[in-house]
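Reader: Hello! I have a chain in front of me and would love a guided close look at one part of it, with enough of the surroundings to see how that part fits in.

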Amino acid sequence: MYTSTIETTSLTKFWHLIQSVIQEILSVTEPHIEEAAVRHNIPIELYYYSEFGLDTFSIEEFQRRDPFSNPERFERLFPLLNIKDWIAPMRDAGRYQVTERAQTAVRQVIQAGDSQLLKFESATDVNLELLLALLKQIILSNISAAEPPER
């Protein structure tokens, strides 16, 4: 019988499987997301940055989330996104608020990817309960994990 109290260290045994499942899902969704962004003239960077769950943009926020990113790329991109009304400068220097228009656009391109997942066969209730328990364990482990190192 499965118990919901898996030790965090035991998750390392499953990480390669979890990562491969995530990569498979992305291989199904990402091309449709990118195509929808191009078709609707939505900068794909909005999707990539918004998938971090950020309502605001700043170089510091992105580097904390992705320490290997190039800050010069952001410095060039933010003014372009601002001119096109995708983001708006905030009072804090170097920070931008993601506009409602941008949030709606990102949801639109995400929906293009999510719609591809509807083609897959439904899982049984038993499988879904097990998956839910595993996902909860991953989330709890993620919450208790240390912040990634700064650059």
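Is Asp-85 buried, partly exposed or exposed? Please start there and then walk me through the parts around it.

Author: Happy to. One thing to keep in mind is that this is a predicted model. Asp-85 is partly exposed, because its relative accessible area is 43%, which falls between the 20% limit for buried and the 50% limit for exposed. You will find Asp-85 in the loop between helix α4 and strand β2, where β2 spans residues 87-89. Its backbone deserves a look too: phi of Asp-85 is positive, about 65°, although the residue is not a glycine. As background, most residues other than glycine have a negative phi.

Asn-41 makes a good companion to Asp-85. Asn-41 also is not a glycine and has a positive phi, near 55°. This residue sits in the loop that runs between α1 and α2. Asn-41 counts as exposed because its relative accessibility is 64%, and the cut-off for exposed is over 50%. If you measure across the fold in your viewer, the C-alpha atoms of Asn-41 and Ala-105 are separated by 9.6 Å, with their positions 64 residues apart along the chain.

Now let us go back to the loop of Asp-85 and see what is around it. Helix α4 covers residues 71-83, and Leu-80 is found in this helix. Leu-80 is exposed, as its relative accessible area is 52%. In space, Leu-80 lies 10.0 Å from Pro-43, C-alpha to C-alpha, although the two are 37 residues apart in sequence. Beyond the loop residue you asked about comes Trp-86, and Arg-101 lies over the face of this tryptophan, at 3.8 Å from the ring centre.

Trp-86 also takes us towards the interior. Leu-46 is in contact with Trp-86, and its other partners are Phe-57, Leu-81, Ala-102 and Val-106, leaving aside neighbours within four places in sequence. Leu-46 belongs to the largest nonpolar core, a set of 23 residues in which Leu-46, Phe-57 and Phe-78 touch the most other members. At least two residues of this core come from each of α1 (8-39), α2 (44-50), α3 (59-65), α4 (71-83), β3 (95-98) and α5 (100-117). Helix α5 supplies the largest share, five residues.

Two of those well-connected core members are worth a closer look together. Phe-57 and Phe-78 are both buried. The whole structure holds two aromatic pairs. In one of them, Phe-57 and Phe-78 are stacked, with 6.1 Å from centre to centre and 20° between the planes. This pair links distant parts of the chain, since Phe-57 is in strand β1 (residues 56-58) and Phe-78 is in helix α4, 21 residues apart. Together with Tyr-96, these two phenylalanines form one aromatic cluster.

Right beside Phe-57 in the sequence is Thr-56, which also lies in strand β1. Thr-56 is buried because its relative accessible area is 11%, and buried means under 20%. The side chain of Thr-56 makes a polar contact of 2.8 Å with the side chain of Arg-95. Not counting residues up to four places away in sequence, Thr-56 touches Glu-61, Met-90, Arg-95, Tyr-96, Gln-97 and Val-98. Tyr-96, a member of the aromatic cluster, is thus among the residues that Thr-56 touches.

For one last stop, look at helix α1, where Trp-15 is found. Trp-15 is partly exposed, because its relative accessible area is 46%. The C-alpha atoms of Trp-15 and Ile-138 are 9.8 Å apart, while in sequence these residues are 123 places from each other.

Stepping back, here is the frame in which these parts sit. The chain has six helices and three strands, and along the sequence they follow the pattern α-α-β-α-α-β-β-α-α. Of its 151 residues, 29% count as buried. Among contacts between residues at least 6 apart in sequence, 58% join residues at least 24 apart. The chain exposes about 10,900 Å², and carbon and sulfur atoms supply 59% of that area. Your starting residue, Asp-85, is partly exposed in the loop between α4 and β2.

Methods:
Residues are numbered from 1 along each chain as its sequence is written. This is a predicted model: local features need pLDDT of at least 70, side-chain atom pairs count only at pLDDT 80 or more; totals for chains, interfaces and linings use all residues. Side-chain values use heavy atoms; hydrogens and water are left out. Helices (H or I, at least four residues) and strands (E, at least two) are DSSP runs, numbered from the N terminus. Buried means under 20% relative accessible area, exposed over 50%, partly exposed in between (1.4 Å probe, protein chains only). Contact means heavy atoms within 4.5 Å. Accessible areas come from the Shrake-Rupley method with a 1.4 Å probe; for residues, only the protein chains shown count as cover. A nonpolar core is a set of buried Ala, Val, Leu, Ile, Met, Phe, Trp, Tyr and Cys residues joined through side-chain atoms within 4.5 Å. Rings of Phe, Tyr and Trp (its six-membered ring) pair if their centres lie within 6.5 Å; planes under 30 degrees apart count as stacked, over 60 as edge-to-face and the rest as tilted. A charge sits over a ring if NZ of Lys or CZ of Arg is within 6 Å of the ring centre and within 35 degrees of the ring normal. A polar contact is a pair of N or O atoms within 3.5 Å; within protein, one must be able to donate a hydrogen and the other to accept it, and residues adjacent in sequence count only if both atoms are side-chain atoms.
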